[in-house]
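Trainee: Hi, got a few minutes to go through this model with me? I'd like to look at a handful of residues with you.

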Amino acid sequence: MSYRPHLSKNKNTYPDQYGQQWWYVEIWPNGRKRDKTGKLTGERITFKFFGTEAAVRIFDIEQQRKPVNQLLHLTNPTIRDILPQFLDYYRLEVVPGTMQDFIRSSNHLIPHFGDMRFNQITNTVVLGYKNLRLAQTWQNRPTTRRTINKELAYLSSIIKWAQREDPPLCDSSIRIILFPRKQTKSPIQTTHTFEEINHIIAETGRTRTRGHHQHAADIQALATLMYDAGLRRNEACTLTKERISLPDKPIDLPGNINYYGVITVIRKGGKESQLPILTNRLYEQLKNQSKTVKTGYLYINPMTGTHYKNIRGGLKGASQRAGVDKRITHHLLRHDFVTHLHQSGVDLKTIQGLAGHADIQTTMDIYNHLESSTMRQRAGNFTDKIDNQPTREI
């Protein structure tokens, strides 16, 4: 038998409900030969395979029957050849949202790179992909360098995985050159004032359509999670009852501070982060919702029967009803959260922890995006001192 369970990959996992697990497959194209000491010699090709024992047995038989030149061909495969095996690995490494984003990005990557072998992916080829994507549009808007960098980062993940395989599937010198950071910064977006954002959140709870009051209440709760707690869209939409811890009533702490409870958030990369609930309105919304939900997602879309994917339409409608002509998105709610925290005097290190930024530079970038009117307001004392100086007649 030339296959066996892969001990290291199965160390912390167990066969799933279908009996699938990782296997280690060995192929000796020229047969197993031993030297005088009894040590196996000759060429050996190894594969990692995820599936049931019946599936790996069929895979093993198929590889044994292939001519030697086809087996050796697998040491320099095309991107399309190894994509199924990479996907099996990647599903175990990333959260579902990242996996879905990878699939979307692969719709652009595979037509361009799919039939190339790793040693054919040169800087010139990558440059051609960049130029091709920059020339393409989506909904009459050009593709941004930020989007292209994200797609190429996924291609880089495939290459790095291939380099770590045993034996490596490609040369370790292959590198993907991305657009420099200064070309991929998000455009400066105008933040909302406290009054504007609170008016928008209030309008999300109202609906002009009969029978959609619960839907409107869910949208308001999700918008409050994104602004009052600074959650990302996916973090708010997939929040479960098991991840909130609420006291029966707010607890008074020294320093006139109220303890409203804690939210456990699954951040990017699957990291857990515990965030304090900062406002009474968010506490009341979560408390009321936790009474109606026994387990699982806190907010279920009545149209789909599962958690919300986004509340884009609800935010846009609420902004129009509130008379706010500024752009409104899920991420702008989080952007407003960080900006208003800083305007309230919260230090950058605390903001970094509340927002879940892995790098303090990300927090600094948002601070640098403060609109000019806010900076003008902060510089008011200086302006008043200069403008109110008595003039001397000459």
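Trainee: Let's start with His 192. Is His 192 buried or exposed?

Mentor: His 192 is buried, since its relative accessible area is 1% and anything under 20% counts as buried. Keep in mind as we go that this is a predicted model.

Trainee: Where does His 192 sit in the fold?

Mentor: His 192 lies in the loop between α6 (145-164) and α7 (194-204).

Trainee: And what does the side chain of His 192 make a polar contact with?

Mentor: The side chain of Asp 336 is a partner, at 2.8 Å. The His 192 side chain also reaches a backbone atom, the oxygen of Arg 327, at 3.4 Å.

Trainee: Which residues does His 192 touch, leaving out those up to four places away in sequence?

Mentor: From α7 and just beyond the loop you'll find Ile 197 and Ile 200 on the list. The others are Val 324, Lys 326, Arg 327, Ile 328, Leu 332, Asp 336 and His 340. Asp 336 and Arg 327 are thus in that contact list, and the polar contact to the Asp 336 side chain is the 2.8 Å one.

Trainee: Switching to Glu 235: which helix is it in?

Mentor: Glu 235 is in helix α9, which covers residues 233-237.

Trainee: Buried or exposed, that Glu 235?

Mentor: Buried, because its relative accessibility is 7%. Its side chain makes a polar contact of 2.8 Å with the side chain of Arg 232. Setting aside residues up to four places away in sequence, Glu 235 touches Val 265, Ile 266, Arg 267 and Lys 268.

Trainee: What about cysteines? How many disulfides does a search of the whole structure find?

Mentor: Zero. Cys 170 is buried, with a relative accessible area of 11%, and Cys 237 is buried too, at 1% relative accessibility.

Trainee: Remind me, what is a disulfide?

Mentor: It is a covalent bond that links the sulfur atoms of two cysteines.

Trainee: Now the surface. Which residues make the nonpolar patch?

Mentor: Ile 251, Leu 253, Ile 257 and Tyr 259 make a nonpolar surface patch of about 320 Å². The elements giving two or more residues to that patch are β9 (251-253) and β10 (257-259).

Trainee: Pick one of them for me. How accessible is Ile 251?

Mentor: Ile 251, which is found in strand β9, is partly exposed, with a relative accessible area of 38%.

Trainee: I also marked Ser 245. Which strand is that in?

Mentor: Strand β8, residues 244-245. Ser 245 counts as partly exposed, because its relative accessibility is 43%.

Trainee: And what does Ser 245 touch, not counting residues up to four places away in sequence?

Mentor: Tyr 260, Gly 261 and Val 262. The C-alpha atoms of Ser 245 and Ile 277 are separated by 9.5 Å, and these two residues are 32 residues apart along the chain.

Trainee: Zooming out, how many helices and strands does the protein chain have?

Mentor: The chain has 16 helices and 12 strands. It has 394 residues, and 40% of them count as buried.

Trainee: And how much area does the protein chain expose?

Mentor: About 24000 Å², with carbon and sulfur atoms supplying 51% of it.

Trainee: Last one: among contacts between residues at least 6 apart in sequence, what share joins residues at least 24 apart?

Mentor: That share is 59% for the protein chain.

Definitions and conventions
Residues are numbered from 1 along each chain as its sequence is written. This is a predicted model: local features need pLDDT of at least 70, side-chain atom pairs count only at pLDDT 80 or more; totals for chains, interfaces and linings use all residues. Side-chain values use heavy atoms; hydrogens and water are left out. Helices (H or I, at least four residues) and strands (E, at least two) are DSSP runs, numbered from the N terminus. Buried means under 20% relative accessible area, exposed over 50%, partly exposed in between (1.4 Å probe, protein chains only). A polar contact is a pair of N or O atoms within 3.5 Å; within protein, one must be able to donate a hydrogen and the other to accept it, and residues adjacent in sequence count only if both atoms are side-chain atoms. Contact means heavy atoms within 4.5 Å. A disulfide is a pair of cysteine sulfur atoms within 2.5 Å. Patches are made of residues with over 30% relative accessible area and no salt bridge: like charges are joined within 9 Å, nonpolar side chains (Val, Leu, Ile, Met, Phe, Trp, Tyr) within 5 Å. Accessible areas come from the Shrake-Rupley method with a 1.4 Å probe; for residues, only the protein chains shown count as cover. A salt bridge is a side-chain nitrogen of Lys or Arg within 4 Å of a carboxyl oxygen of Asp or Glu.
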